[in-house]
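Load the model in your viewer and show it as a cartoon with side chains available. The stops below tell you what to select and what you will find there.

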Amino acid sequence: MTTPDDTRSRILAAARELFAERGYAATSLADIAAAVGLTKTAVAYHFHPKDRLALELLSPVLGDMLALLDTTYDSRADFIEALVGFAVRYRSVIRLFMEDLAADDSTAEPGSERATIKSFRDEIYAKLAGDDPTPEARLRSWALLGALQWGAVKTMDLPEDQVHAALLKAARAY
């Protein structure tokens with residue numbers, strides 16, 4: 001017999017995989033339902049609206065994100081190393097963080113998930129770029145964030161240690 005917790009876990013696992021593969025906006029509740037062998041109504045019973053699914057997937061990540069941002073690093077290189085580790089560890093949801101939920105800054109209502117994600121992204125950028133960044137520092141910081149985002153999202157088929165080593169090497173070049 002399947003318990004409600006088992007069903008929720010299966011839905012979350014399917015959503016995590018589909019969001020990483022297709023993106024949040026391109027994944028419907030019907031897609032998730034099909035992946036788990038349920039009806040859309042059954043998925044909606046557990047997670048309605050779809051934002052609740054995203055929030056539940058992001059919930060364990062938020063504590064580590066706060067720790068990443070609240071830590072004082074001895075150097076920019078130390079922060080980059082911690083950021084790469086974070087991006088690789090959570091690459092299954094990193095696309096949700098950096099692309100889908102924060103993509104359209106103009107729709108970020110104060111207090112919304114989108115505004116929270118935008119705030120995290122902007123704080124990461126500020127730690128990378130510094131207090132009064134030059135145009136080059138701004139460009140390098142945004143380029144690094146883009147490289148981490150796509151490097152994490154598009155390598156789900158590769159072992160974590162391989163992705164970590166390659167992304168760290170690339171990030172150090174920024």
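**Stop 1: F79**

Select F79. Leaving aside neighbours within four places in sequence, F79 is in contact with L68, Y73, I124, K127 and L128; contact means heavy atoms within 4.5 Å. F79 lies in helix 5. Helices here are DSSP runs of H or I, at least four residues long, strands are runs of E of at least two, and both are numbered from the N terminus. F79 is buried, with a relative accessible area of 2%. Buried means under 20% relative accessible area, exposed means over 50%, and partly exposed is in between, with a 1.4 Å probe and protein chains only. Now select L69 too. The C-alpha atoms of F79 and L69 are 9.1 Å apart, and the two residues are ten apart along the chain.

A word on the model before moving on. It is predicted: local features need pLDDT of at least 70, side-chain atom pairs count only at pLDDT 80 or more, and totals for chains, interfaces and linings use all residues. Residues are numbered from 1 along each chain as its sequence is written, and side-chain values use heavy atoms, with hydrogens and water left out.

**Stop 2: the whole chain**

Zoom out and colour by secondary structure. The protein chain has nine helices and zero strands. Along the sequence the pattern reads α-α-α-α-α-α-α-α-α. How much of the chain is buried? Buried residues make up 39% of the 174 residues. Next, take the contacts between residues at least 6 apart in sequence: 61% of them join residues at least 24 apart.

**Stop 3: residues 28-47 and the cis bond**

Select residues 28-47. UniProt lists this stretch as "DNA-binding region", in an unreviewed entry. UniProt positions are given in the numbering used here, feature names are shortened, and annotations may be inferred rather than shown by experiment. Over residues 28-47 the chain is 75% helix and 0% strand. The end C-alpha atoms of the stretch are 12 Å apart.

Move along to P49. P49 sits in the loop between helix 3 (40-46) and helix 4 (50-70). What kind of peptide bond joins H48 and P49? The bond is cis, with omega about 0°.

**Stop 4: helix 4 against helix 5**

Two packed helices are described by the angle between their axes and the distance between the axes. Show helix 4 and helix 5 together. Their axes come within 11 Å and cross at roughly 175°. Axes are lines fitted to C-alpha atoms, for helices over the stretch in contact, and angles run from 0 to 180 degrees between N-to-C directions. Helix 4 and helix 5 are therefore roughly antiparallel to each other. The cut-offs: under 35 degrees is roughly parallel, over 145 roughly antiparallel, 65 to 115 roughly perpendicular, and the rest oblique.

Pick out the contact. Helix 4 brings V61, D64, M65 and L68, and helix 5 brings F79, A82, L83, F86 and R89. These residues divide into seven nonpolar, no polar and two charged. Ala, Val, Leu, Ile, Met, Phe, Trp, Tyr, Cys and Pro count as nonpolar, Asp, Glu, Lys and Arg as charged, and the others, Gly among them, as polar.

Stay in helix 4 and select L62. L62 is partly exposed, with a relative accessible area of 22%. Add F120: L62 and F120 are 58 residues apart in sequence, yet 9.3 Å apart C-alpha to C-alpha.

**Stop 5: helix 9 and its partners**

Show helix 5 (residues 76-89) with helix 9. They pack at an angle of about 145°, with axes 9 Å apart. From helix 5, I80, E81, V84, G85, V88 and R89 meet E160, V163, H164, L167, L168, A171 and R172 of helix 9. That contact holds seven nonpolar, two polar and four charged residues.

Now swap in helix 8. The axes of helix 8 (residues 135-153) and helix 9 (residues 160-172) come within 10 Å and cross at roughly 165°. That makes helix 8 roughly antiparallel to helix 9. L144, A147, L148, G151 and A152 in helix 8 meet V163, L167 and A171 in helix 9. Here the split is seven nonpolar, one polar and no charged.

**Last stop: V163**

Select V163, in helix 9. Is V163 buried or exposed? V163 is buried, with a relative accessible area of 5%. Not counting residues up to four places away in sequence, V163 touches V88, R91, G151, T155 and L158. Finish by adding R89: its C-alpha atom is 9.9 Å from that of V163, with their positions 74 residues apart along the chain.
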